[in-house]
Amino acid sequence: MDILATPDFWSAVLRIGTPLILGTLGVLLCERAGVLNLGIEGILVAGAFTGWLAVYLGASLWTGVLVAALTGAVFGLLHAALTVGLALSQHVSGLGITLLATALSYFAYRVSFPQVSTPPTVTPFGPMQDWALLGQIPVLSTQTPLTLLALVLVPVLAYLLYRTPLGLALRMCGENPQAAEGQGIPVVAVRTGAIVAGSALMGVAGAFLTLSAFNAFYFNMVNGRGWICVALVVFASWKPGKALLGALLFAFFDALQLRLQQSGDAWLPYQLYLMLPYALSILALVLVARKAAYPQALMKPYRKGER
């Protein structure tokens with residue numbers, strides 16, 4: 001297909017995949033520690049809004065990214081307090097975080113811009129065309145620094161999980177927290193730290209939408225990306241490298257359906273093209289999930305001293 005031979009198509013794949021990479025890494029970090037974080041959808045919305053609002057009020061772009069990360073961390077801390085500190089249901093807490101973060105973001109937008117019919121815009125991150133080395137690479141040169149950050153975080157997180165004592169402690173808390181406690185590892189602190197850090201990554205994923213992919217905040221702009229990230233973690237078998245592959249695979253299908261709709265010679269209803277990335281991702285998930293080795297203590301509440 002001629003579509004696949006153009007650099008613009010692969011640039012679109014990488015651009016669509018960036019928030020999925022960041023969000024999937026955030027979910028992976030939480031689940032490796034044994035906690036399911038279904039608050040990702042709302043955290044993406046909150047990160048997108050607060051990062052954009054900070055830049056609109058005069059902050060720099062990187063400050064906006066930092067604000068989005070801190071916003072995600074705050075909601076992550078709330079989720080950790082409910083699921084780790086109080087040992088409440090991770091499903092209920094996560095869905096509650098999603099509803100709370102989404103509602104607060106939309107309410108704050110309406111309060112901040114009561115008379116605005118069109119969302120105000122900001123100047124987003126520009127492409128890396130002028131960068132010394134990356135500017136010479138066709139696909140990467142059209143991306144923004146946040147895409148580079150997402151790609152760099154994949155090996156960094158893999159190294160952290162599999163080559164450091166902290167990563168070993170984190171994985172141990174997700175596999176057998178009682179054994180980790182017996183070795184003197186502060187399970188509550190490790191799980192809380194993992195949730196906060198993972199939620200911060202989710203906030204950055206949301207900031208990408210308003211500070212890189214677009215230049216404004218829109219309602220429903222997250223459009224289910226958080227749930228896709230949760231599924232991609234299963235597809236990736238909780239491994240950062242496979243998470244990158246899964247995010248790019250979904251982005252490939254999404255970019256393909258957009259190009260097929262724009263080609264002008266499409267003979268199928270457009271709804272089928274919209275369904276294509278989700279249907280193919282479900283198929284890939286079914287084929288891979290059977291062999292996935294999930295953390296043994298995932299979604300199991302931990303109470304200190306219990307055996």
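On the surface, Leu 78, Leu 100 and Leu 104 make up a nonpolar patch with a combined accessible area of about 230 Å². Such patches consist of residues with over 30% relative accessible area and no salt bridge, nonpolar side chains (Val, Leu, Ile, Met, Phe, Trp, Tyr) being joined within 5 Å and like charges within 9 Å. A salt bridge requires a side-chain nitrogen of Lys or Arg within 4 Å of a carboxyl oxygen of Asp or Glu. Areas follow the Shrake-Rupley method with a 1.4 Å probe, and for residues only the protein chains shown count as cover.

The model is predicted: local features need pLDDT of at least 70, side-chain atom pairs count only at pLDDT 80 or more, and totals for chains, interfaces and linings use all residues. Residues are numbered from 1 along each chain as its sequence is written, and side-chain values use heavy atoms, without hydrogens and water.

Two helical residues are set out below; helices are DSSP runs (H or I, at least four residues) numbered from the N terminus. Buried means under 20% relative accessible area, exposed over 50%, and partly exposed in between.

| Residue | Helix | Relative accessible area |
|---|---|---|
| Leu 100 | α4 (residues 90-112) | 35%, partly exposed |
| Thr 210 | α8 (residues 187-213) | 0%, buried |

Beyond neighbours within four places in sequence, Thr 210 contacts (heavy atoms within 4.5 Å) Ala 48, Trp 52, Val 122, Asn 215, Ala 216, Phe 217 and Met 221.

The largest nonpolar core (buried Ala, Val, Leu, Ile, Met, Phe, Trp, Tyr and Cys joined through side-chain atoms within 4.5 Å) has 76 residues. Helix α8 gives the most to this core, with 13 residues.

Key: Buried means under 20% relative accessible area, exposed over 50%, partly exposed in between (1.4 Å probe, protein chains only).
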